[in-house]
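Trainee: Hey, have you got a minute to go through this structure with me? I'd like to start with the big picture and then poke at single residues.

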Amino acid sequence: MNELLFLSRFQFALTACYHWLFVPLTLGLGIVMSVMETLYVRSGDDFWKRTAQFWQKLFGINFAVGVATGIILEFEFGTNWSNYSWFVGDIFGAPLAIEGILAFFMESTFIALMFFGWGKISKSAHLASTWLTVIGATISAWWILVANSWMQHPVGMEFNPATVRNEMLDFFAVAFSPTAVIKFSHTVLSGWMTGAVFVIAVSCWYLLKGRNLEMAKRSIKVAAIVGLIGSLGCMGAGDASGVDIAKHQPMKLAAAEGLQKGSCEAPFSIVPGIEIPHMLSFLATHDFNGFVPGIEDITRSGYTSHQGEVVLSGEEKIAEGKLALEAFKRYRQFRNSDPACANQALADFNAHKAYFGYGYLDSSEALVPNVPVVYWSFRLMIALGCFVVLIFLLSLWLAYRKQLEKFPLFHYAALLALPCVYIAGQCGWIVAEVGRQPWAIQGLLPVNAGLSSLDATNVMATTIIFALIFTALLVAEIRIMTRAIKDHHA
Amino acid sequence: MTYTLLQEYWWFLVSLLAGLFVFLTFVQGANTMIFSLAGNEEERQMIVNSTGRKWELTFTTLVTFGGAFFASFPLFYSTSFGGAYWVWMLILFSFILQAVAYEFQSKPGNVFGTAVYRRFLLINGICGPLLVGIAVGTFFNGAEFVVNHDAMGDGLTISTWTGCAHGLEAVLQPWNLVLGFAIVMLSRTLGALYLQNNLNDEAMQERLRRAVFANALPFLVFFLAFAGRLLTTQGWAVDEQGVVSLEDYKYLHNFLEMPLVLLLFLIGVVGVLAGLFMSLVKKSRCGIWPAGAGTTLTVLSLFLIAGWNNTCYYPSLTDMQSSLHLANSCSSEFTLYAMTLVSILIPFVLAYIIWAWRSLDVPGITRKEMAQTDHKY
């Protein structure tokens, strides 16, 4: 892999991973604190006001770094992925612009009211501001995930060789594609899980220390309910995501399962050597005998999908892609000088254009992502996710039995769940993004054709600066957060 | 709406966002005075908390400016951001530092100490407006790049920067620097005007007025130099066939051929001067309003003459025909139309921002509030 490509990918991955350390907590803790403030406004009980304010304080500490890392992602599309920005900017830019207009202003306006509006605006206006802050963050997640989903499953557009870009034909197909709906649900609800685990873990720390007991116990109840709702939705969306990926990104699924050869009785691999027969077929197609292609089917032999569609092998697609690319070059060469040649080139291009992006690849091996990374990330995400769900169930059960204080082992388990939920979230994104390689946009543009024209040393320098700044900020945030938790006396 | 009208409409929106952003850089300007203007910790806190309730608006406007530019003129995004790499990256670094500085500066356990976070605000306060000014300067002074769509056939980059410094050369272009300094001094002037309005504190008023005067003077010098040169220099015109050529007095012609834009410009300049007059002569605390509105209109009009009336808003010094103008860099008609429908919501967004602003600003920040409230930076 050439150095510029590696560094550009590394920088984007670094920024995205850091960003995803802060955003899920914003989404989840936002819901928890909003529910608490609602309880305050409904009951008039000052306890809930103080409790909501405490969690809002932690929310604010976390929010700032999320904002800082978020701005980088938006601009990196231009700075490091110049070709990408033009090639799909007609579709991809719109969600980012709409995110700014509809979501960012909502977040940034109402968060100021949430923090500084106590006593300046009415109780209900303040409550509305708190909800609008988290709704703004959620709408923001919607639009950026619309953009990401479009990269996973591009729809609603057509390539125009005259302008050398993809152009949007159907806004609603882009904005409300099933892939986007599923991804949004899965991602945002995983954020709810993160926020809920955070609240439960901090509360359990108080229980272990024998401090702030009332706040801790009542916070756990609210968080466990939010977390469980999030978990159920997240699992449902995860299931739908499996089917969606099987349809549109079969290589990602094959890599996530380490499935070399396809089968109608594909087993689900728990770990290498331990399998559940037919389970992968069921998860991918909702049919115990549904065909799931393996890596070799996709790269070499081709296959007939569960829906009955004949799919070319990777090698055939690359050959088609080369023809499309050759016709495209011919069209560009003659379009102003020789209309007949240009028309012929266009006709040739149209015959092969479905595989245009494959033309930038050298061999079908390039279509295979890093299988061990995707395989193990997927397993880790599921295992840690299940552990977190167990914590929610235990929390609710103990709360129901009024025994939340009794079991230190539970408190330690809840503390352990905190890194687990973060690792699960990171793993989820690794599956989604590493599993998509070599594509920047699935089937349309491989990463190597999306780059800016830069010296690798420039990207190396900015990557080092980013890494240093983000790490320093992360350390500062963790210290401020732990100090705020330690110093709190309800 | 025709395709051309849609392009002009989106150029207007991007220009308006640019105008609002420059107005909102009063946050940066005020932050450069944390150490120089405040006499003690209490006053430093007042300044930080005053700008701290607005900084996200500035930041969000910048992000939305980027997003709107990407969506409506993606070739600019891929050319300038991927080309003038270091200018944009340094802008980003300075805004990252700012984003955390507020929240972290007075929190126990913040690792680096309050003074370091406030210096982050200072760095952003100077570098942000300066580099944005330099980046915008290239709209009028050009940059070194080539756009070749055929490169995609070989998997190469369509927009290539030919300057080896990847944007740093723009920092050395004197007229870009003049605009950069003008915006730094303007943001400081606006910052002092804003603080006059927002800090309900008699003791600081006189110092703020002096700061308005001290910053307005160099601002006017830099701005007049830039405007004078702009109106007498050549610009890059594009004809109906898309052929680019140099035209003497292009920007002056644009003003004369678009009298409404000229009117906006004049109203804007008068607004800024009126704000200064109100503050310095009438000793009013409301100078920020005419000055802020004037700044927005002036910047808006300058952007409009950069892009409207068959003008190349991003001229290429390497290959004139690679210069970007509205028609060759915009999104498709469908995308512009779809986003135009979304843009109908903008007045609603502005309305709640104004409501929130008013709710927080009455009665302004006082020493008493700083001493009593738990909710402060």
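Mentor: Sure, let's take chain B overall, then its contact with chain A, then some single residues. Keep in mind that this is a predicted model.

Trainee: Okay, how many helices and strands are there in chain B?

Mentor: Chain B has 17 helices and 6 strands.

Trainee: And what size of box do its C-alpha atoms fill?

Mentor: Roughly 65 × 45 × 40 Å along the principal axes. The radius of gyration of chain B is 21 Å, which agrees with the value near 21 Å for a compact globule of 377 residues.

Trainee: What percentage of chain B is buried?

Mentor: Buried residues make up 59% of the 377 residues in chain B. As for contacts in chain B with a separation of 6 or more, 76% are between residues 24 or more positions apart.

Trainee: New topic. How many residues of chain B are in contact with chain A?

Mentor: On the chain B side there are 63, in contact with 70 residues of chain A. Elements giving two or more residues to that side of chain B include helix H4 (55-72), helix H5 (74-83) and helix H15 (333-343).

Trainee: Which element gives the most?

Mentor: That's H6(B), with 12 residues on the side of chain B that touches chain A. By type, that side of chain B divides into 38 nonpolar, 20 polar and 5 charged residues.

Trainee: Can we zoom in on one residue? Where is Ser359(B) found?

Mentor: Ser359(B) is in helix H16 of chain B, which covers residues 346-361. Across in chain A, Ser359(B) touches Leu113(A), Gly117(A), Lys120(A) and Ile121(A).

Trainee: Why does Ser359(B) count as partly exposed?

Mentor: Because 18 other C-beta atoms lie within 10 Å of its own, and partly exposed is the class between 12 or fewer (exposed) and 20 or more (buried).

Trainee: What separates its C-alpha atom from that of Gly142(B)?

Mentor: The distance is 43 Å, and Ser359(B) and Gly142(B) are 217 residues apart along the chain.

Trainee: Let's talk about the nonpolar core. Which residues touch the most other members of the largest one?

Mentor: Val32(A), Ala196(A), Ile200(A) and Ala182(B), out of 297 residues in that core. Helix H3 of chain A, residues 82-116, supplies the largest share of this core with 23 residues.

Trainee: What does Ala182(B) touch?

Mentor: Leaving out residues up to four places away in sequence, Ala182(B) touches Gly133(B), Phe219(B), Phe222(B), Phe223(B) and Phe226(B).

Trainee: Now for backbone oddities. What should I expect for phi and peptide bonds?

Mentor: Most residues other than glycine have a negative phi, and most peptide bonds are trans. Against that, His166(B) has a positive phi of about 50 degrees without being a glycine. Lys283(B) is another non-glycine with a positive phi, near 55 degrees.

Trainee: Where do those two sit, and is each one buried or exposed?

Mentor: His166(B) is in the loop between S2 and helix H8 (168-171) of chain B, and it counts as buried because it has 22 C-beta neighbours inside 10 Å. Lys283(B) lies in the loop between helix H12 (259-280) and helix H13 (288-307) of chain B. Lys283(B) is exposed, with 12 other C-beta atoms within 10 Å.

Trainee: And which residues does a cis peptide bond join?

Mentor: Gln437(A) and Pro438(A), with omega about 10 degrees. Pro438(A) is in the loop between helix H14 (408-434) and strand S7 (439-441) of chain A.

Notes
Residues numbered from 1 in each chain as written. Chains lettered and ligands numbered in written order. Predicted model: local features only at pLDDT ≥ 70, side-chain atom pairs only at ≥ 80, totals over all residues. Helix = DSSP H or I, 4+ residues; strand = E, 2+ residues; numbered from the N terminus. Contact = placed C-beta atoms within 7 Å. Nonpolar A, V, L, I, M, F, W, Y, C, P; charged D, E, K, R; others polar. Core = buried A, V, L, I, M, F, W, Y, C linked by C-beta atoms within 7 Å. Rg over C-alpha atoms; globule rule 2.2 N^0.38 Å.
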